[in-house]
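Let's take a walk through this protein together, one piece at a time. Keep the 3D view open and turn it as you read.

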Amino acid sequence: MRMIARLCGLRRLVAAVLFLLLPVVGVHAGEPVPLLAYAARIAGDDARTRLVIEFDREPVFSVHYVANPVRIIVDLPETSFGLKPESLEPRGLFDAIRYGGMGAGASRLVLSAKEPTELTHAEVKPMEDGKGFRLVLDAERIGQDRFDKILAEQKWTGTVRAVKTDRPAAAPAKADAFVIAIDAGHGGIDTGAIGSVTKTEEKHVTLAFAKELVETLNREPGIEAFLTRERDEFLSLPQRVQIARQRGSSLFISLHADTLKQRDIRGATVYTISDKASDHLAADLAARENLSDEIAGIPLESEPAEVADILIDLTRRETQAFSVNLARSVIASFEGQIKLINNPHRHAGFRVLQAPDVPSVLLELGFMSNKEDEKQLLDPEWRKKVSALLAAAVQSYRNTAVANGG
């Protein structure tokens, strides 16, 4: 009982401090009709590369640069990308090209470059037939000094768009409610893993499962579950944590379905946070999941890590102990019911599990690289079964906490 009371008291203290120091999740009014990007092409070499994207209407765009690694960010209004994947296969100066939604009525194109690179020409031209517009981007390799100067002179920091959503403010939970944040991994520009057979993107798999789980949990008495993202939108890792904390969550469950080079490996895994990874698999997974913000072109300095580090120390031991208990409840509920990986409870330094006062787990539902797992992940009946088992695990965890004085 004393442990629960200490955690609750420290949670209120941390909430008050973070409310003052962290950006507040914003509200976006209005839903603009998205642009349609319907065709694209890329050509060039290691010195110069041209990208052309065709839109149904004139796009307003802005260009920014991020270092370590070198990325050119092209921000756009909300856009539906009806492009063939092969139309923007990376080549020339770029070794990765990503595009997608960023939330708040915005979309983004992220060009990851092998060396310091500059857009020397960027303009929108009307199509010759008068039906649509063409965005033309010409990139050239430049020296490090020139790139450093561009970074120093630009005013953009990437912080505003990284912390805003167009989600309306939620009604406060009931005073005695056990609030659970269900976090569908990836989204928007960050597609996550790709299914080996169906080519389904992880962001859609996690959202479908998250919706099923929230519905299941909300049928349980005394539980109020909600989604950190309700549609295909990008949320930064700190933003996911912040949304959970602002809703006063008692638990945070992040859902994923990764891929591995070893396609025979399958089964669910539950991860908790730790400074040191339990094994190479956990370390590699955490490294990939922690790249989500980098994929979206968000500078690392947009996360106030120094604040989090100080406050984590206040409640870390209690919160980690609760997280481990939740992981054990999930595994106990799954055993004999669904396939588990060997050593199903693992740990590593996942940034999305860093809430200092909210017990958190990352649930790897299965592997999109394994055809059996992929088939299950796309099966609505399997989602219902696993959601019911998770709800039972949450109730078991909650009952144990109450029995201990919570």
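Start with helix 5, whose buried residues are Leu 237, Gln 239, Arg 240, Val 241, Gln 242, Ile 243, Ala 244 and Arg 245. That makes eight of the ten residues in this helix, which spans residues 237-246, so helix 5 is largely enclosed by the rest of the structure. Bear in mind as you look around that this is a predicted model. At the start of helix 5, look for Ser 236: one of its side-chain oxygens comes to within 3.1 Å of the backbone nitrogen of Gln 239. At the other end, just after the helix, Gly 248 has a positive phi of about 70°. While you're in this stretch, find Arg 247, which sits over the face of Phe 226, 3.9 Å from the ring centre.

Now try helix 6, residues 280-289. Which of its residues are buried? They are Leu 281, Ala 282, Leu 285, Ala 286 and Glu 289. Viewed down the axis of helix 6, these buried residues fall within an arc of 130°, so they line one face of the helix. There's a handy rule behind that kind of pattern: an α-helix has 3.6 residues a turn, so residues three or four places apart point the same way. Helix 6 also has a cap at its N-terminal end, where a side-chain oxygen of Asp 279 lies 3.0 Å from the backbone nitrogen of Leu 281.

Time to zoom out. The protein has ten helices and 15 strands in total, and buried residues account for 52% of its 406 residues. Take the contacts between residues at least 6 apart in sequence, and 77% of them join residues at least 24 apart.

So what's inside? The largest nonpolar core has 42 residues, and those touching the most other members are Ile 180, Ile 182, Leu 217, Leu 255 and Phe 334. Many elements chip in with at least two residues each, including strand 10 (178-184), helix 4 (202-217), strand 12 (251-256), helix 8 (305-334) and strand 15 (360-364). Helix 10 supplies the largest share of this core, with eight residues. Pick Leu 255 to get a feel for the packing: leaving out neighbours within four places in sequence, its contacts include Ile 182, Thr 206, Phe 209, Leu 213 and Leu 363. A separate core, apart from this one, holds 28 residues, among them Phe 94, Leu 119, Leu 137 and Ile 150.

Next, the aromatic rings. There are five aromatic pairs in the count, and two of them make good stops. Tyr 65 and Phe 147 have ring centres 6.1 Å apart and planes at 80°; with planes over 60 degrees apart, the pair counts as edge-to-face. This pair brings together distant parts of the chain, since Tyr 65 belongs to strand 3 (residues 62-66) and Phe 147 to helix 2 (residues 144-153), 82 residues apart. Both Tyr 65 and Phe 147 are buried. For Phe 209 and Trp 382, the ring centres are 6.3 Å apart and the planes are at 50°, so this pair is tilted. Phe 209 lies in helix 4 and Trp 382 in helix 10, so the pair ties together parts 173 residues apart in sequence. Phe 209 and Trp 382 are both buried too.

Finally, have a look at some loops. In the one between strand 3 and strand 4 (71-77) you'll find Pro 69, and the peptide bond leading to Pro 69 from Asn 68 is cis, with omega near 0°. Asn 68 sits in this loop as well, and its phi is near 55°, a positive value in a residue other than glycine. Is Asn 68 buried or exposed? At 72% relative accessibility, Asn 68 counts as exposed.

His 186, in the loop between strand 10 and helix 4, has a positive phi too, of about 65°, although it isn't a glycine. His 186 is buried, with a relative accessible area of 8%. One last stop is Pro 359, in the loop between strand 14 (340-348) and strand 15. Pro 359 counts as buried, at 1% relative accessibility. Its C-alpha atom is separated by 5.6 Å from that of Phe 322, 37 residues apart along the chain.

Terms used. Residues are numbered from 1 along each chain as its sequence is written. Side-chain values use heavy atoms; hydrogens and water are left out. A nonpolar core is a set of buried Ala, Val, Leu, Ile, Met, Phe, Trp, Tyr and Cys residues joined through side-chain atoms within 4.5 Å. Buried means under 20% relative accessible area, exposed over 50%, partly exposed in between (1.4 Å probe, protein chains only). Helices (H or I, at least four residues) and strands (E, at least two) are DSSP runs, numbered from the N terminus. Contact means heavy atoms within 4.5 Å. The arc is that of the directions from the helix axis to the C-beta atoms. A polar contact is a pair of N or O atoms within 3.5 Å; within protein, one must be able to donate a hydrogen and the other to accept it, and residues adjacent in sequence count only if both atoms are side-chain atoms. Rings of Phe, Tyr and Trp (its six-membered ring) pair if their centres lie within 6.5 Å; planes under 30 degrees apart count as stacked, over 60 as edge-to-face and the rest as tilted. A charge sits over a ring if NZ of Lys or CZ of Arg is within 6 Å of the ring centre and within 35 degrees of the ring normal.
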